[in-house]
Amino acid sequence: LDLALGELFDWVKTLGAPHEALQPLSDLDGRAVISALHFTGPRSEPLAGDYLLRGRLQEVSATLDPIPEPLALSAESVAVAPARIDIAGLTAAVSDASLTATGTVSDPFSAARSLTLAASGFIGPRAAHWALEKSGGTDWVALQQPLTVSRLSLDTDFKATHTVSGAFQTAEGPVLTADLHLAPDKVSAPAITVSDARSNARFAIESQPGQLSARFNGRLDLRSLDLLLSDRLPRSGWVEGEWRATRAGAAWQDTRMTGRLEGGDIVLSVPGMDTDTPRLESFAIAATGSKLTINSADLHWDEIALRLKGWLDPIKSGLNFDLRGEAPFIDGDALLAKIGSEKDQRPQVETTPPTSETSWRDGMEGVLRLDIGHLKQSGYHIRPLAAKIALRDDQTMVEILQADLCDVSLPGNLLIDSAQLQVQLQPSAATRNVGQALSCLLQQP
């Protein structure tokens with residue numbers, strides 16, 4: 001028996017509101033070839049009886065919400081009974097994706113229906129973009145090659161509880177495995193792995209109301225993910241170690257961390273900057289509780305080479321820190337111009353203007369020690385410059401330990417608060433040629 005599914009679907013639509021299971025379906029075409037039909041029950045209510053229908057699907061096209069393009073289907077074997085539908089050799093293709101699957105729909109005509117599916121195939125960039133767009137993942141993932149899918153397993157109740165696992169690989173990329181569980185009050189991925197010649201890493205993440213936890217261990221070379229990551233994320237460099245973090249609230253002080261990480265060669269993505277982007281040459285960090293210790297971090301940006309070490313620790317009102325930065329040379333004019341150019345190229349976003357009650361440093365308390373071998377600013381050359389900057393309450397205290405400008409030493413203190421600026425300098429000349437020093441200070445040839 002050969003059934004025209006388009007005509008059958010048009011007839012079903014004349015019967016009134018479709019069954020709940022058919023509501024996402026807006027159009028159907030193709031053929032169903034029935035090879036066997038067994039039925040026992042009242043003729044007036046076929047679905048209330050006991051029956052078994054066997055057959056296959058050929059050249060079926062279905063339009064389903066929310067899939068943006070028609071879904072092409074075929075199946076080598078379909079068995080329909082009141083309590084279940086078994087499908088074998090099912091091929092489903094949409095856009096640039098195609099999967100071959102075997103599965104079972106349990107209780108297909110009740111609100112408690114569920115699906116168990118095993119599949120393999122490939123997913124192309126267009127289909128991946130649509131799926132990521134629906135889930136809000138396009139900011140982080142941008143598939144650039146077809147993704148081969150194997151050992152894909154899906155269990156769903158068609159409502160809010162889903163379990164997905166499988167292995168995925170691009171032609172030039174690593175093998176990714178994932179195990180994902182979605183429930184109304186919890187999302188978890190207990191095992192995500194990345195493995196190739198460069199990487200052998202394992203992730204886990206769990207999110208539920210009021211709490212987020214994540215784990216990482218192994219080595220991850222970001223080049224392994226180059227064909228998967230969006231331009232917003234670093235796509236070069238490496239990270240190695242073990243790290244665990246749990247956040248039980250909205251603030252950083254509600255975060256607890258433990259572990260050690262090291263890495264390097266990371267090009268930091270800055271919107272609007274295609275060249276001369278900052279590069280994190282190397283770093284080594286450790287964490288205990290809420291405190292993050294920077295054992296070393298070497299940042300290169302054009303001619304600037306900055307080494308940073310110290311610690312950060314959130315407090316109730318904001319952030320406590322003790323940091324030391326060292327750089328052999330900083331061209332202040334070039335740095336400000338680079339920062340200004342980068343800001344000009346960023347997309348314009350409306351923001352609330354700052355008020356007198358708010359500041360970039362609100363809630364920050366700590367000390368930053370700077371050692372700069374040579375600072376060039378507005379035509380002046382200060383070499384060296386050593387300073388200690390302390391933030392406390394609404395005050396910024398700058399202690400200039402050493403600042404040699406035009407053979408004049410300018411140690412002293414600056415006190416900045418919301419109401420005033422106090423400057424105390426103790427200049428002393430290291431040269432007897434006062435005229436030469438004055439000419440230098442006045443920038444006279």
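Is Ala81 buried or exposed, and what is its relative accessible area? Ala81 is buried, with a relative accessible area of 17%; buried stands for under 20% relative accessible area, exposed for over 50%, and partly exposed for what lies in between, using a 1.4 Å probe and protein chains only. The model you are looking at is predicted, so local features need a pLDDT of at least 70 and side-chain atom pairs count only at pLDDT 80 or more, while totals for chains, interfaces and linings use all residues. Residues are numbered from 1 along each chain as its sequence is written, and side-chain values use heavy atoms, with hydrogens and water left out.

Let us stay with Ala81 for a moment. Its place is in strand β4 (residues 71-81); helices (H or I, at least four residues) and strands (E, at least two) are DSSP runs, numbered from the N terminus. Ala81 and Arg54 are 27 residues apart in sequence, and their C-alpha atoms are 9.1 Å apart in space. A similar look at Leu176 takes us to strand β10 (residues 175-183). Leu176 counts as buried at 16% relative accessibility, and 7.2 Å separates its C-alpha from that of Ile192, 16 residues away in sequence. Glu242, in strand β14 (residues 238-247), is partly exposed with a relative accessible area of 44%. The C-alpha atoms of Glu242 and Arg260 are separated by 5.7 Å, with their positions 18 residues apart along the chain.

Now to the start of the chain and helix α1 (residues 5-13), where Leu5, Gly6 and Phe9 are buried. These residues cover an arc of only 100 degrees around the axis, which puts them on the same side of α1; the arc is that of the directions from the helix axis to the C-beta atoms. An α-helix has 3.6 residues a turn, so residues three or four places apart point the same way. On the face of α1 turned away from its buried side you will find the exposed residues Glu7 and Trp11.

Aromatic rings come next. A search of the whole structure finds 1 aromatic pair. The ring centres of Phe203 and Phe216 are 5.2 Å apart and the ring planes stand at 50 degrees, so this pair is tilted. Rings of Phe, Tyr and Trp (its six-membered ring) pair if their centres lie within 6.5 Å, and planes under 30 degrees apart count as stacked, over 60 as edge-to-face and the rest as tilted. Because Phe203 lies in strand β12 (residues 200-208) and Phe216 in strand β13 (residues 211-221), the pair ties together parts that are 13 residues apart in sequence. Phe203 counts as partly exposed at 27% relative accessibility, whereas Phe216 counts as buried at 11%.

Two other rings have a charge over them, meaning that NZ of Lys or CZ of Arg is within 6 Å of the ring centre and within 35 degrees of the ring normal. The charged end of Arg113 sits over the ring of Phe158, 5.6 Å from its centre. For Lys291, the charged end sits over the ring of Trp311, 4.6 Å from its centre.

The second largest pocket has a volume of about 490 Å³. Here a pocket is an open set of points, on a 1 Å grid over the protein atoms alone, with protein on both sides within 12 Å along at least five of seven lines, and lining residues have an atom within 4 Å of a point. The lining of this second largest pocket has 19 residues, of which Leu299, Ile304, Leu306, Ile330 and Leu335 lie nearest its centre. Elements giving two or more residues to that lining are β17 (291-301), β18 (304-315), β19 (318-327), α3 (332-345) and β21 (364-372). Ile304 lies in strand β18 and counts as buried at 16% relative accessibility.

Finally, some backbone details. Most residues other than glycine have a negative phi, and most peptide bonds are trans. Asp107 has a positive phi of about 45 degrees although it is not a glycine, and its place is in the loop between β6 (97-106) and β7 (114-123). Arg151 is not a glycine either, and has a positive phi of about 55 degrees; Arg151 lies in strand β8 (residues 147-156) and counts as exposed at 60% relative accessibility. A cis peptide bond joins Arg383 and Pro384, with omega about -5 degrees, and Pro384 is found in strand β23 (residues 380-392).

Definitions and conventions
On a 1 Å grid over the protein atoms alone, a cavity is a set of points where a 1.4 Å probe fits but cannot get out, and a pocket is an open set with protein on both sides within 12 Å along at least five of seven lines; lining residues have an atom within 4 Å of a point. Grid points are joined across faces, edges and corners, and a volume is the space filled by probe spheres set on the points.
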